[in-house]
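Here is a friendly walk through one protein model and its ligand. Have the viewer open as you read.

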Amino acid sequence: MRFFTVARHDAASESLCAAFCTAAVAAGLVLDDTYPDVVVSIGGDGTMLHAFHRFQNNLSHTAFVGVHTGHLGFYADWKPSEIPALITHMVTAQHDVASRTVQYPLLHIVLHTHTDTRTVLALNECTIKGADATLVADVRINDSVFEHFRGDGLCISTPSGSTAYNKSLSGALVHPALEAIQLAEIASINNRVFRTIGSPIVLPKHHHCDILPKKQRLLLSIDHIVHPIDDILTMRLSVAEQKVHFVRYRPFPFWDRVREAFLQDEHFT
Ligand code: NAP
């Protein structure tokens, strides 16, 4: 089996990454930075975003697994002390990676600008904000005008991204088995003149949402990557055809992760 590692840039993650590579190669796995079967992210959920974007052109072939060097993550469930067990699983199941994966939906973004059309995938979400003023944009759903938005911005998330920025916007937490995307407002203006729906909305697969910003300087984020941009004509958002594959050598139930991340403390068990 070919593997590659992506580590967060801190001393603990980088040294764990070196130790992982040494042990994995000694166990017979092959380090490959171009066409790996499995990419091991070592750090946090943010590190998995980096790993995903580096290998997003290999999604039909490459699966991902995360080791966390801080707190338990949504994409990173293996502890550093469990690396020997993880390598053993990788060796044992190396000829059958596909049957050991779960698949999560992704966000498909088509950007039409004055000069070109670009397609991008997001693992967590995409946001659009005014760079130096309120975002003014028309929102259309399935080609019908839905609302005229004014506010700080809009966040469109995947189910697995629903626990990230979307949650800070009071969006719903969505189980990644649901093929859907969620549109959440970032500080919309609502008064006698301006009106938006005011609630996060969830779109199923095969629906699409278009955002048509007024000509203005914008900040577009795709997961951890922020692009200043000022020539977007329209942005079309939908559930992607491609999915991301995560290796599951043991159960990692979504609601357990939600509880551990947001509820569990020593007084509430
Ligand atoms: P960051 O600002 O350094 O960290 C953002 C935090 O979000 C980290 O604690 C990260 O976990 C966590 N996170 C990432 N994906 C998650 C997920 N799917 N579920 C729950 N938590 C998640 O930025 P970053 O590490 O480069 O990550 C970029 C992400 O930050 C964006 O995709 C966006 O979701 C999030 N973000 C959130 C807000 C907000 O909540 N107000 C604002 C901007 C961006 P780790 O510590 O394990 O890496």
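A187 has its place in strand β10, where helices (H or I, at least four residues) and strands (E, at least two) are DSSP runs numbered from the N terminus. Phi of A187 is near 50°, a positive value in a residue other than glycine. Most residues other than glycine have a negative phi. D223 also has a positive phi, near 55°, and is found in the loop between β13 (218-222) and β14 (225-229).

A word on what you are looking at: this is a predicted model, in which local features need pLDDT of at least 70, side-chain atom pairs count only at pLDDT 80 or more, and totals for chains, interfaces and linings use all residues. Residues are numbered from 1 along each chain as its sequence is written, and side-chain values use heavy atoms, with hydrogens and water left out.

**The chain as a whole**

The protein chain has 5 helices and 15 strands. Its radius of gyration, taken over C-alpha atoms, is 20 Å, close to the 18 Å that the globule rule gives for 269 residues, so the chain is as compact as a globular protein of that length. That rule is 2.2 Å times the number of residues to the power 0.38. Along the principal axes, the C-alpha atoms fill a box of roughly 65 × 50 × 35 Å. Of the 269 residues, 50% count as buried; buried means under 20% relative accessible area, exposed over 50%, and partly exposed in between (1.4 Å probe, protein chains only).

**Around the ligand**

Where does the ligand lie with respect to domain 1 (2-96) and domain 2 (106-242)? Both domains give residues to the shell around the ligand, so it lies between them; the domain bounds come from an automatic or database domain assignment. The shell holds 16 residues, the closest being D45, G46, E125, T163 and S168, and a residue is near the ligand if one of its heavy atoms lies within 4 Å of it.

The table gives polar contacts of the ligand, a polar contact being a pair of N or O atoms within 3.5 Å.

| Ligand atom | Protein partner | Distance |
|---|---|---|
| oxygen | polar backbone atom of D45 | 2.8 Å |
| nitrogen | N or O atom in the side chain of N124 | 2.9 Å |
| nitrogen | backbone N or O atom of S160 | 3.0 Å |

Taken alone, the ligand exposes 840 Å², and the protein buries 62% of that, with areas from the Shrake-Rupley method and a 1.4 Å probe. The elements that give two or more residues to the shell are α2 (45-54) and α4 (165-168). Helix α2 provides the largest share, 3 residues. By class, the shell has 5 nonpolar, 8 polar and 3 charged residues; Ala, Val, Leu, Ile, Met, Phe, Trp, Tyr, Cys and Pro count as nonpolar, Asp, Glu, Lys and Arg as charged, and the others, Gly among them, as polar.

**A few individual residues**

S13 sits in helix α1 (residues 11-26) and is buried, with a relative accessible area of 0%. The C-alpha atoms of S13 and V67 are separated by 9.2 Å, although these residues are 54 apart along the chain.

D37 is in the loop between β2 (30-31) and β3 (38-43) and counts as buried at 15% relative accessibility. A polar atom of the D37 side chain lies 2.7 Å from the backbone nitrogen of R2.

Is A172, in the loop between α4 and β10 (180-188), buried or partly exposed? At 38% relative accessibility, A172 counts as partly exposed.

Note on methods
A polar contact is a pair of N or O atoms within 3.5 Å; within protein, one must be able to donate a hydrogen and the other to accept it, and residues adjacent in sequence count only if both atoms are side-chain atoms.
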